[in-house]
Amino acid sequence: MSDIPENKKIVLFDGVCNLCNEAVQRIIKHDKKDIFRFASLQSELGKKLVEERGLDPEEIDSIILIDPGVAYYRKSTAALEISRDLSGGYSLLKNFLFIPEVFRDGIYDLIASNRYKWFGRKDQCMIPTPELKAKFLD
């Protein structure tokens, strides 16, 4: 299992979800300051990190952002917190944090519960290219 870098934010994502994998690719493309590292929720490391936060890995089906030593975020809050550090106008999405979480997560949950139907799923987690391998913790 990889060491957790203390100076990087960790994105836990559904490794078999096409929408989630596309989101990871977009984050990597717009992570100009090299802030993020990634692990799938299905990986041993992903499960360990989820459990360390007192969450049940079997019940987690959303993106999680871990800012080591600071906090962790789930669902829409995680997505908007990730956007803060991205280039290309994505940082403007953080302005949606003013919307109450219950409303944001309602929309997030609707998309999450239909993500396989709308976007499909893979039989296994994404395998990063050699150039991207350093961004993945598992």
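**Salt bridges, strands and a charged patch**

In this predicted model, the count of salt bridges comes to 9. Three of these pairs are a good place to start.

The side chains of Lys 8 and Asp 34 meet in a salt bridge, with 3.3 Å from N to O. Lys 8 belongs to the segment before strand E1, while Asp 34 sits in the loop between helix H1 (18-30) and strand E2, so this pair ties together parts that are 26 residues apart in sequence. How covered are the two partners? Lys 8 has a relative accessibility of 15% and therefore counts as buried, because buried means under 20%. Asp 34, at 27%, counts as partly exposed. The pair also has company: Lys 8, Asp 34 and Arg 37 are linked in a network of salt bridges.

The next residue along, Lys 9, has a salt bridge of its own. The side chain of Lys 9 meets that of Asp 85, at 2.7 Å from N to O. This pair links distant parts of the chain, with Lys 9 in strand E1 and Asp 85 in the loop between helix H3 (75-83) and helix H4, 76 residues apart. Lys 9 has a relative accessibility of 18%, so this residue counts as buried.

A further salt bridge joins Arg 115 to Asp 14, where the closest N and O atoms are 2.8 Å apart. Here, too, distant parts of the chain are linked: Arg 115 lies in helix H4 and Asp 14 in the loop between E1 and H1, 101 residues apart. Are these two residues buried or exposed? Both Arg 115 and Asp 14 are buried.

Strand E1, already met through Lys 9, deserves a closer look. Why can strand E1 (residues 9-13) be called largely enclosed by the rest of the structure? The reason is that 5 of its 5 residues are buried. The cover reaches both faces of E1. On one side, Lys 9, Val 11 and Phe 13 are buried, and on the other side so are Ile 10 and Leu 12.

Strand E1 also has a partner. It runs parallel to strand E2 (residues 36-40), and 5 bridges join the two. Within this pairing, Phe 13 stands opposite Ser 40 in E2.

A second pairing brings together strand E3 (residues 64-67) and strand E4 (residues 71-74). Which way do these two strands run, parallel or antiparallel? They run antiparallel and are joined by 4 bridges. Asp 67 stands opposite Ala 71 in E4. E3 and E4 form a hairpin with 3 residues between them, and in the turn Gly 69 has a positive phi of about 75 degrees.

Farther along the chain, Phe 136 is found in the segment after helix H4 (101-119). With a relative accessible area of 10%, Phe 136 is buried. The C-alpha atoms of Phe 136 and Arg 115 are separated by 23 Å, and the two residues are 21 residues apart along the chain.

Finally, the surface carries a group of like charges. Which residues gather in a patch of negative charge there? They are Glu 51, Asp 56, Glu 58 and Glu 59. One of them, Glu 51, lies in helix H2 (residues 44-52).

Terms used. Residues are numbered from 1 along each chain as its sequence is written. This is a predicted model: local features need pLDDT of at least 70, side-chain atom pairs count only at pLDDT 80 or more; totals for chains, interfaces and linings use all residues. Side-chain values use heavy atoms; hydrogens and water are left out. Patches are made of residues with over 30% relative accessible area and no salt bridge: like charges are joined within 9 Å, nonpolar side chains (Val, Leu, Ile, Met, Phe, Trp, Tyr) within 5 Å. Accessible areas come from the Shrake-Rupley method with a 1.4 Å probe; for residues, only the protein chains shown count as cover. A salt bridge is a side-chain nitrogen of Lys or Arg within 4 Å of a carboxyl oxygen of Asp or Glu. Lys and Arg count as positive and Asp and Glu as negative; His and the chain ends are not counted. The place of a charge is taken as NZ of Lys, CZ of Arg, CG of Asp or CD of Glu. Buried means under 20% relative accessible area, exposed over 50%, partly exposed in between (1.4 Å probe, protein chains only). Two strands pair if DSSP finds at least two bridges between them.
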